[in-house]
Amino acid sequence: MSLKAQITEDMKTAMRAKDSARLGAIRLLQAAIKQREVDERIELSDADVISAIEKMLKQRRDSIAAYESANRTDLADVEKYEVSVLQEYLPQQLTEAEILTILDQVIADTGAAGVKDMGKVMATIKPLVAGKADMGKISGFIKTRLV
């Protein structure tokens, strides 16, 4: 079953269960997928759907930080719930040790010598860990490895 089909089935299940919070999060995801399909005039693959989910997760994390700094825990809690729902559709996340192993291999393969080569390393590692790790975290690992 494709990821889009799974999302649709989960939406139907949430409707039947009258789980309005989950239903709202899934509808936001479906709207983002549909918007991207209309804008680009393509049918999204599972990899494209994962990319859309990652973008939504980044937006939610930014919102959580803003809400918490403004002492709006009620709004931050809503965003945190949406993050938990969205993360269910991502593949199993890599551990820090697995990320570092992949990173060391990419650095060796690209011959990166310093921070100036960070873009080359990021471009190489991104397809290897897409959907399986937070790119912000990986960026931090790269900076520490290339110093």
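This note goes through one helix pair, several salt bridges and two buried acidic residues in a predicted model.

1. Packing of α2 and α3. Two packed helices are described by the angle between their axes and the distance between the axes. Helix α2 covers residues 20–40 and helix α3 covers residues 46–69. Their axes are 10 Å apart and make an angle of about 125 degrees. The two helices are therefore oblique to each other, since the oblique class takes in angles that are neither 65 to 115 degrees nor over 145 nor under 35. The crossing of α2 and α3 is right-handed.

2. Residues at the α2 and α3 contact. From α2, the residues taking part are L28, L29, A32, I33 and R36. On the α3 side they meet D48, V49, S51, A52, I53, M56 and R60. Sorted by class, this contact has 8 nonpolar residues, 1 polar residue and 3 charged residues.

3. Salt bridges overall. Side chains of opposite charge can pair when their charged atoms come close. The structure holds 12 salt bridges. Three of the pairs are taken up in the points below, followed by a network.

4. E88 and R22. These two residues form a salt bridge, with the closest N and O atoms 2.7 Å apart. E88 lies in the loop between α4 (73–87) and α5 (96–110), while R22 belongs to helix α2, so the pair ties together parts that are 66 residues apart in sequence. Are the two partners buried or exposed? E88 is partly exposed, at a relative accessible area of 46%. R22 has a relative accessibility of 16% and counts as buried, because the limit for buried is under 20%.

5. R36 and E40. Here the salt bridge joins two side chains of helix α2, at 3.2 Å from N to O. The two residues are 4 residues apart in the helix, so about one helical turn separates them. R36 counts as partly exposed at 23% relative accessibility. E40 is also partly exposed, with a relative accessible area of 40%. R36 appears in point 2 as well, as one of the α2 residues that meet α3.

6. E68 and K80. The closest N and O atoms of this salt bridge are 2.8 Å apart. E68 is in helix α3 and K80 is in helix α4, so the pair ties together parts that are 12 residues apart in sequence. E68 is partly exposed, with a relative accessible area of 37%, and K80 counts as partly exposed at 38%.

7. A network. Salt bridges can share partners, and in this model such sharing joins K4, E37 and E43 into one network.

8. E82. This residue is placed in helix α4. At 12% relative accessibility, E82 counts as buried. Which residues does E82 contact, leaving aside neighbours within four places in sequence? They are A25, L28 and R60. Of these, L28 and R60 also take part in the contact between α2 and α3.

9. D117. The place of D117 is the loop between α5 and α6 (118–129). D117 has a relative accessibility of 12% and counts as buried. Apart from neighbours within four places in sequence, D117 is in contact with G111, A112 and L146.

Key: Residues numbered from 1 in each chain as written. Predicted model: local features only at pLDDT ≥ 70, side-chain atom pairs only at ≥ 80, totals over all residues. Heavy atoms only, no water. Axes fitted to C-alpha atoms, helices over the stretch in contact; angles between N-to-C directions. Left-handed = near helix turned anticlockwise from the far one by under 90°. Contact = heavy atoms within 4.5 Å. Nonpolar A, V, L, I, M, F, W, Y, C, P; charged D, E, K, R; others polar. Salt bridge = Lys/Arg side-chain N within 4 Å of Asp/Glu carboxyl O. Buried < 20%, exposed > 50% of the residue type's maximum accessible area, 1.4 Å probe, protein only.
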